[in-house]
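Work through the following exercises with the sequence and the model side by side. Each one sets a task and then takes the solution in steps.

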Amino acid sequence: MPNVVIVGAQWGDEGKGKIVDLLTGHFDVVARYQGGHNAGHTVIIQGKKYVLHLIPSGILHPKKSCVIGNGVVIDLQAMRTEIAELEAAGIECRGRLRVSNRAHIILPYHRSLETADEAQRGSNRIGTTNRGIGPAYEDKMGRRGLRIATLANPASLRRILEENLARSRAALDLESLYRETLALAGELEGYFADTAEYLNRAIDDGKSVLFEGAQGTLLDVDHGTYPFVTASNATAGGASTGTGVGPTRIDGVIGIVKAYTTRVGEGPFPTELTDAVGEGIRKRGQEYGASTGRPRRCGWFDAVVAGYARLINNLDTLVITKLDVLDELDEIKVCTGYRHRGERLGAFPPEIDVLEACEPEYKTVRGWKQKTAGIQHVDDLPAAAKVYLKLLSDLVQAEISVVSTGPDRTETIITSPRSKLHSWIGLAR
């Protein structure tokens, strides 16, 4: 059975939640491998909206198993709240959700540290969510973090809390934090497990796994627009390190891109539109963060970014989301390359100063000026929309297997029965 990774191929917010939800029915297990509750995955099913921050969106499918891997950093309070909200909506998590006992925990002093760090940066701030994600990863890499497995050892828990409180200088009471953490651990202990063993055993038994990343390729801490990145590996390689499933057990990678480009927070954005066109895309696309509500910056599709993501992730196929948002435009631009100081660049630049100074080269195509929202068959798309999709495929050098024409699960086009995605779905349960 195939084991497949879904990654964002831009700066995140590409609509991975809907696509995970769409494909979950064909897989046995959905595993989240990095990030924290700063991610927001929105899924709409029969008009009902679900916003998930930590738990894989596969949980919305009854009888499917979900895993939060060791590469995720977990705020126990946020996890408890999300479970309660799901169960209030009639979605059972117990027995279906497993959380890695090797995952690191976000604590209140991590939020204090992140807020203080952002304030200290001033105009050079990163634009984080201030939810403690980065400092939790810093403690992990500094070998002073608190892992879920340690919750079973009260003496070690107290020592780690005491040492880190002293280091952070946060105005928190040790005894209160210790008691609150122990209480949360007691409430949630039924979810904790050795998920690496669970996932590998499931694959041994012939079950298929869909690996779900958060954020996007250009926010990857190694390969993204550093330092304006997240604190983890959002690219496909993170699926192995973040779950304990070896890379040779993964059969393919699906890249998700919007029909245009967005990003949240600070950092370079070569195709950003700061005019009425960009504002119109934001309004039609409802481009506001699912976790924070922050307005997203909007711009034209950037084939340099998407092509770089194809390279870094070795993407097998693309999913295009939010095509319908472009329905009203007379003409649409696509970035085909960058120029820096008059010279055309041959690759995506690693230097942030270079990227900020790049001038995008555009190809302009005519818009279709017809409604595509809700279309479910590729033959029903306007001719100009088909031309646009082919242009994106040619520039990125990857097939397009799915086009999303709206937020609901049903508003989706499977473009070809010969695509790799179709063959995987045919093989998966």
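Two strands pair if DSSP finds at least two bridges between them, and both helices (H or I, at least four residues) and strands (E, at least two) are DSSP runs, numbered from the N terminus. This is a predicted model, in which local features need pLDDT of at least 70 and side-chain atom pairs count only at pLDDT 80 or more, while totals for chains, interfaces and linings use all residues. Residues are numbered from 1 along each chain as its sequence is written, and side-chain values use heavy atoms, with hydrogens and water left out.

**Exercise 1. The open sheet**

Trace the order of the strands in the open sheet, and state which strands stand at its edges.

Start with the order: 10 strands form the open sheet, and they follow one another as β9-β7-β5-β2-β10-β1-β11-β15-β19-β20, with mixed pairing. Next, take the two ends of that order, where β9 (192-193) and β20 (412-414) each have a single partner strand, so one side of each is left without a neighbour in the sheet. Then look at one pair within the sheet, β5 (residues 65-68) and β7 (residues 97-100), which run parallel and are joined by three bridges. In this pair, valine 67 stands opposite arginine 98 of β7.

**Exercise 2. A hairpin**

Describe how β3 and β4 pair, and find the residue with a positive phi in their hairpin.

First, strand β3 (residues 41-45) pairs with strand β4 (residues 48-52) in the antiparallel sense, over five bridges. Second, isoleucine 45 has lysine 48 of β4 as its bridge partner. Third, the hairpin has two residues between the strands, and glutamine 46 takes a positive phi near 50° there.

**Exercise 3. Two helices and their burial**

Decide from the burial of its residues whether helix α1 is enclosed or open, and then list buried residues of helix α4.

The criterion comes first: buried means under 20% relative accessible area, exposed means over 50%, and partly exposed lies in between (1.4 Å probe, protein chains only). In α1 (residues 16-24), eight of the nine residues are buried, so the helix is largely enclosed by the rest of the structure. The buried residues are Lys16, Gly17, Lys18, Ile19, Val20, Asp21, Leu23 and Thr24. In α4 (residues 133-141), Ile133, Gly134, Pro135, Ala136, Tyr137 and Asp139 are buried, and just after this helix arginine 143 takes a positive phi of about 60°.

**Exercise 4. Three residues in their surroundings**

Compile the location, accessibility and contacts of leucine 218, threonine 405 and glutamate 187, where contact means heavy atoms within 4.5 Å.

Begin with leucine 218, which lies in the loop between β10 (209-212) and α8 (238-241) and counts as buried at 0% relative accessibility. Leaving aside neighbours within four places in sequence, leucine 218 has contacts that include Ala9, Trp11, Phe228, Val305 and Phe348.

Continue with threonine 405, placed in the loop between β19 (400-404) and β20, which also counts as buried, at 0% relative accessibility. Not counting residues up to four places away in sequence, threonine 405 touches residues among them Lys18, Asp324, Thr372 and Glu411. Lys18 is one of the buried residues of α1.

Finish with glutamate 187 in helix α6 (residues 174-188), which is partly exposed, with a relative accessible area of 40%. Beyond the residues up to four places away in sequence, glutamate 187 touches Arg80 and Arg94.

**Exercise 5. The cysteines**

How many disulfides does the structure hold?

A disulfide is a covalent bond between the sulfur atoms of two cysteines, and the criterion here is a pair of cysteine sulfur atoms within 2.5 Å. By this criterion, the structure holds zero disulfides. For cysteine 66, the nearest cysteine sulfur is that of cysteine 93, 8.2 Å away. Cysteine 66 counts as buried at 0% relative accessibility, and cysteine 93 is buried, with a relative accessible area of 0%.
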